[in-house]
Each structure stands twice: as C-alpha cells, then as structure tokens.
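Biologist: I would like a close look at a single part of this protein. Please take it slowly, since I am new to reading structures.

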Amino acid sequence: MQRATRDDAFLVETCVHAAREAAAGISHRARDLSALDWQVKSRADFVSIVDHEAEAKITEILLTAFPDATMMGEELTPGSTIGDGLTFIVDPLDGTTNFLHGYPNYAVSIGAMLGGVLRAGVVLDVARNVTFTAAAGAGAARDGTPIRVSSVTDPSRALVGTGFPFKHPSHIPAYLPQFARLMQSTAGVRRAGAAALDLADVACGRFDAFWELMLAPWDMAAGILLVREAGGVVTDLGGSPLAPSHSGVVASNGLMHPWMLAQLHDGA
C-alpha cells in the first residue's frame with residue numbers, strides 16, 4: 001500500500017476537521033430533537049436547521065483551507081458542477097430522517113475530487129463517533145486502523161445492504177423483484193437509511209455488498225473511495241465504473257460483484 005501524498009493527506013486531515021466540527025453541532029442539536037422544525041423538501045425527504053448549520057460550518061472550514069475550491073453540498077449548493085479543479089462533495093447530514101427521529105444511524109460525508117478523480121473521502125458516523133477515511137492509492141481506515149472488504153463468496157452467507165427508492169416511487173416496480181431475489185438467496189438484507197454509512201460498512205466488511213437504484217453525488221462520493229481503497233468495487237447498475245453522480249450504485253467486496261449485477265437484472 002502506498003502512503004498518501006502530502007497534498008492528499010492534508011485533504012483528508014482538513015475533511016476530518018470539518019466533519020468533526022459539523023458532527024459536534026449535530027450532536028448538540030440531538031439533545032433536544034423536539035425543538036427542531038422540519039421542512040419538507042419532497043415526499044418523505046426532510047431538512048432542518050441542523051443540516052444547514054452543519055453544511056455552513058463545513059463550507060467555512062474547507063474554503064478557509066482551500067479558497068479556490070468548489071463546493072457541492074446537498075443543502076446549500078446542490079446545483080454546483082464537478083470541474084477539473086478541487087471540488088468538495090458534501091452531505092452535511094446523511095440520514096436526516098433517522099436523526100430527526102433519534103434513530104442512531106446518520107453521518108457527515110465529505111469527498112474531495114481533483115481533476116475529476118476522487119482524492120480523499122471522510123465519513124463520520126456521528127452517533128457512534130467513528131471516523132472512516134480514505135486517500136487515493138493509500139488505503140482506507142476506521143479511526144486510523146486499516147480496513148478491508150470481506151472475503152465472502154457464497155451468497156447464502158452474504159449480508160447485503162440496500163436503500164429503498166423512497167424519493168423515486170417510479171423505481172419501486174423494478175426494485176421489488178430485486179429485493180425479493182436478494183432476500184431469498186442471501187443471509188439477509190438490511191436497510192439502515194444512510195447510504196454513506198452503508199458504503200462504509202462494505203468497506204470495513206460488515207456488508208458484503210450494497211445496492212440502491214438512485215443516489216446523488218453527495219450520498220456516494222466519500223463512500224466510493226472508501227470501498228475502492230479497502231479493496232472493493234463500485235459500479236453503476238450496468239457494471240461500469242462509477243464517479244459521483246445521480247445514478248444507481250452497486251458496491252461489493254469485488255468477489256460477489258458479477259453475481260450481484262446478475263441478481264439485480266434478472267437473477268440469471
């Protein structure tokens with residue numbers, strides 16, 4: 001395994017600092033959830049002042065360190081584009097609905113791209129105070145300890161993560177047969193409600209695979225790098241290499257990837 005370059009190491013360090021500052025604010029707000037006002041972005045998709053505060057803090061820290069960078073954030077700058085320069089792709093609170101209900105599965109996710117290539121990724125599990133990090137070519141870690149994807153090859157022993165198409169009901173007819181096939185042929189299917197943490201779970205071997213029919217760039221940017229640097233594979237639903245985008249996602253330990261893709265299409 002290579003060591004991170006000085007620039008990539010500084011990127012990771014800065015992203016960790018930003019994520020921890022945001023997480024501190026989120027944890028403070030979690031002490032009195034009844035005081036929070038929910039705003040509806042779309043059906044079953046909510047936002048609160050906590051999301052906005054977290055993204056503002058992350059933006060302040062990242063742009064202080066990298067003034068020329070572009071920010072792409074779920075709440076404040078969702079319309080930004082990924083160019084050749086340094087771009088931070090931020091989900092300030094992945095799992096907002098979980099957070100608002102006091103369900104302890106939500107995260108801060110920050111990915112950094114340069115020249116269209118993912119260079120750094122941080123996913124901070126706020127409720128458990130666990131930080132996942134990755135730098136291009138230098139591996140992935142959980143609280144500083146290297147992590148690897150699982151070695152499971154037998155689907156009947158595999159634990160698979162998923163995300164329901166709650167934002168895109170038109171995908172439900174395609175999703176339900178996939179869910180049925182995976183539920184019947186694996187050791188279990190889990191849906192915890194925060195894609196960044198699902199991808200981190202693939203990276204550290206808790207999940208052997210994960211799929212969702214549509215995610216946004218900020219849902220996946222850091223997680224893509226985590227999985228790849230931990231030895232796994234991330235593609236779109238057709239099996240092509242995936243960059244952060246509005247797309248379906250399939251992530252796995254690599255060993256199960258062809259089987260997963262087959263199950264998602266027709267089960268052959």
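Which residues of helix 2 are buried?

Modeller: A word of caution comes before the answer: this is a predicted model. The buried residues of helix 2 are Val-50, Asp-51, Ala-54, Glu-55, Ile-58, Thr-59, Ile-61 and Leu-62. The list includes Asp-51 and Glu-55, and these two residue types count as charged. Val-50, Ala-54, Ile-58, Ile-61 and Leu-62 are also on it, and their types count as nonpolar. Helix 2 itself covers residues 49-65, which makes 17 residues. From its first C-alpha to its last it reaches 25 Å, close to the 24 Å expected at 1.5 Å a residue.

For burial in a strand, turn to strand 12, residues 209-215. Six of its seven residues are buried, so the strand is mostly covered. Strand 12 also pairs with two other strands. With strand 10 (residues 159-162) it runs parallel, and three bridges join the two. One position to find on screen is Thr-162, whose bridge partner in strand 12 is Trp-211. With strand 14 (residues 247-252) the pairing is antiparallel, over five bridges. Here Phe-210 stands opposite Ala-251 of strand 14.

Strands also take part in a pocket. The second largest pocket holds about 200 Å³ of space. It is lined by 12 residues, and the closest to its centre are Thr-133, Ala-138, Gly-139, Ala-140 and Ala-141. Strand 7 (130-135), strand 8 (139-142) and strand 9 (145-146) each supply at least two residues of this lining. By type, the lining has eight nonpolar residues, four polar and no charged.

Notes. Residues numbered from 1 in each chain as written. Predicted model: local features only at pLDDT ≥ 70, side-chain atom pairs only at ≥ 80, totals over all residues. Heavy atoms only, no water. 1 Å grid on protein atoms, 1.4 Å probe; cavity = no way out; pocket = protein on both sides within 12 Å on 5 of 7 lines; lining within 4 Å. Points joined across faces, edges and corners; volume = space filled by probe spheres on them. Helix = DSSP H or I, 4+ residues; strand = E, 2+ residues; numbered from the N terminus. Expected span 1.5 Å × (residues − 1). Buried < 20%, exposed > 50% of the residue type's maximum accessible area, 1.4 Å probe, protein only. Pairing = 2+ DSSP bridges.
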